[in-house]
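Walk me through this structure. Where is there empty space, how do its helices pack, and which backbone spots stand out?

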Amino acid sequence: MFIRNSKSILLFTCLLSFAITSCRKGGDATLEKVNSDTQLMFTIAEQTGEPSNTMIKLKGSNSSSNSAKDIQELSQEENKEYHFIDGGAFRVTTSIVREPAALSPNEPLETNKLDARMSGPQKASSRSLLARNIKYRVVLYDRSTSPSTFVSTTLGTAGSPLYINVEKGKNYDWAVFSFNDENDPGDMQDVVNTGSRDLLHARGTTGTIPGVSGDKQLYTVPIHVRLQHKLANVSVQVTAKNYPARITGISGVLGRNNYFFRNKLDIKSGNFADQHTQIAMGSAMAFKTASGDTDRVADYYTSSLTAISDFFIQLNTLSLRTPSNDIRTLSSPVQYRWNNISPVAGQRTIAKINIQPVQDISGDRFKILSIGEATYGFYNQRNSGIWLALHSGKNFGPQGTYPTTNLNWDVTYRTPSLTAFDDILTGNYKMVFVSYAVVIHRPQIADLINTYVDRGGTIIWFTQIPTHPNDRLVWERFTGSQASGTPYSGYGGTFNQNPLLNGPFGDARGTTYGEDALLGAGISNVSSNAEVLAVHGTNPNNILAWKAKDKDFYYFADGGFQRYIPVAGPGFGDHPFLLTAAPDYVPRIGPWYKQENVSNSVVFMNIIAKTIDKVMGRQ
């Protein structure tokens, strides 16, 4: 469809950045007055993935479901290996991650509802991921000759309209290319030399420009362009995000200076015109800051898609600053290798280095006190899900999900008694589990427990008797005196979206609270000093799990919350602490009894990891 609306012929190119919803004329743009009265209107977006003749690998449509999460799901992590440096003080995980060449989650680009000529099949609009001020070139070729002949090349800037005069009755080949930066990509007519930076390109034809010369009508021909990444992006990413720490200094070198290749791209056809040639480059790596100083990234681009069999780098220096302002440095250079770097055009292959501390939990460094009945508490027996999970090398230890020097947990277990809490203030306990069948016999014991919490200790409380007067002396100081213990039966409840439920062992937000034996006792009418984690399924006023707002006191309504048995599963009403099979015992979210996504094990293990973080000074 063609729209008539003015008295000049011009080409209108609109390159958009982020959330501009349509191409529109700039307020102070001036049109060149010639004997022209037709315009082409370009809208340009970026394809984020391997070039394809389908939309399946394109990110972006007018559907709100295409979120950042959707984009991240394209990532794949492979070949994970563990390395230990500085005498085991750091654990470094190396891996390969593959993802689309661009991942900035921006707003959808609304396509013009008019019929349009497009640079590829379009079943949905593409997002514009070009930042403002990115420079590009539009090259036109006159198709009245064979082959078509060069007409013009015009520099444009993303976010600003661009006008180019064309003639009625003619048919044009067009091409758009950009190095995806703020530099003029050059006024080349035929070929563009690739190098060590990104290259975007698209091509197409206008079709015959409507109208006849002298009819004094303006025709707008909308053309939607989807730029493709013509090169493969290979990145080296060093991250301390999971330490957590900021990277304050880093230097390194490539193992060889001939990993990457250049070529010449034929602008009109979009094909490489020559043999791939090695890029002669210095070995020093140019790291850029990313993700708020927790990541450093060095980007490289290559025209050759031949696999790199022995890709390695050497980190010479590395300096980290923790949230507590402690400085951690690399004592000597260290090398890392990846043997499966397979560049893919339009995709980003990341050689990733993930730096984590290795926490020493042995001895008094992370001493645990567990009080309660043996089959419900943290104790060395088959029903204790916590015990099995903590002593699994898949979860802790040098190669566990949460790296520790060993599995030598210092656990003191006691059955309920009058003296069980006597040394809670003097025993150097970092974490205390108070489980089923524990009765607080005297108010003085409640005072000891409260003092322990006030001094920074962590308690997980699941006695299941909140109506006992002395039990109440412990929890009501966080919920307010108006709160009351509320027993219930039947299914448990639902965890909310509190970020405390997300951690290294999984994301339990929005999952289900598993109720052992389908009995428990929550707290109703809690004050704002109790941070709610889970509520009862049919009575949302009954809080099944909560944390003191400014203290590390966790309340769970079920005394059997951490009970485990290998045969637990759908149709079985006990033991909702789900783990994978022996000997791994990895926390998992899954079906249990008549519920689909029970997450007790993930919730508890995330709390333990958070407590170790706190004790080791990482918060």
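How many nonpolar, polar and charged residues does the lining of the second largest cavity have? There are nine nonpolar residues, no polar ones and no charged ones. This is a predicted model, and the tour starts with its empty space.

Rolling a probe the size of a water molecule over the atoms shows where empty space is left. Searching the whole structure turns up two cavities of 30 Å³ or more. The second largest cavity holds about 40 Å³ of space. Its lining is made up of Ile 85, Val 92, Leu 315, Leu 318, Leu 330, Val 334, Tyr 336, Ile 353 and Ile 355. Three strands each supply at least two of these lining residues: S21 (311–321), S23 (334–338) and S24.

Turn next to the largest pocket. Its volume is about 1,200 Å³. Its lining counts 41 residues. Nearest the centre lie Thr 239, Lys 241, Asn 242, Lys 352 and Asn 354. Many elements take part. Those giving two or more residues to the lining include strand S4 (76–85), strand S5 (90–100), strand S14 (232–239) and strand S20 (295–302). Strand S24 (347–357) and helix H5 (600–615) are also among them. The largest share comes from S24, with six residues. S24 also supplies at least two residues to the lining of the second largest cavity.

What classes of residue line this pocket? The lining has 14 nonpolar, 16 polar and eleven charged residues. And where does the pocket sit with respect to domain 1 and domain 2? Domain 1 covers 231–357 and domain 2 covers 363–617. Both give residues to the lining, so the largest pocket lies between them.

Now look at a pair of helices. Two packed helices are described by the angle between their axes and the distance between the axes. Helix H3 spans residues 443–454, and helix H4 spans residues 469–479. They pack at an angle of about 30°, with axes 8 Å apart. Angles under 35 degrees count as roughly parallel, and H3 and H4 are therefore roughly parallel to each other. Their crossing is right-handed.

Last comes the backbone. Most residues other than glycine have a negative phi, and most peptide bonds are trans. Three spots here deserve a look.

Ser 146 and Pro 147 are joined by a cis peptide bond, with omega about 0°. Pro 147 sits in the loop between strand S7 (135–142) and strand S8 (149–157). Another cis peptide bond links Tyr 243 to Pro 244, where omega is about -10°. Pro 244 belongs to the loop between S14 and strand S15 (246–254). S14 also gives two or more residues to the lining of the largest pocket.

Leu 518 is not a glycine, yet its phi is positive, at about 55°. Find Leu 518 in the loop between strand S32 (506–507) and strand S33 (519–524).

Definitions and conventions:
Residues are numbered from 1 along each chain as its sequence is written. This is a predicted model: local features need pLDDT of at least 70, side-chain atom pairs count only at pLDDT 80 or more; totals for chains, interfaces and linings use all residues. Side-chain values use heavy atoms; hydrogens and water are left out. On a 1 Å grid over the protein atoms alone, a cavity is a set of points where a 1.4 Å probe fits but cannot get out, and a pocket is an open set with protein on both sides within 12 Å along at least five of seven lines; lining residues have an atom within 4 Å of a point. Grid points are joined across faces, edges and corners, and a volume is the space filled by probe spheres set on the points. Helices (H or I, at least four residues) and strands (E, at least two) are DSSP runs, numbered from the N terminus. Ala, Val, Leu, Ile, Met, Phe, Trp, Tyr, Cys and Pro count as nonpolar, Asp, Glu, Lys and Arg as charged, and the others, Gly among them, as polar. Domain bounds come from an automatic or database domain assignment. Axes are lines fitted to C-alpha atoms, for helices over the stretch in contact, and angles run from 0 to 180 degrees between N-to-C directions. Angles under 35 degrees count as roughly parallel, over 145 as roughly antiparallel, 65 to 115 as roughly perpendicular and the rest as oblique. A crossing is left-handed if the near helix is turned anticlockwise from the far one by less than a right angle, and right-handed if clockwise.
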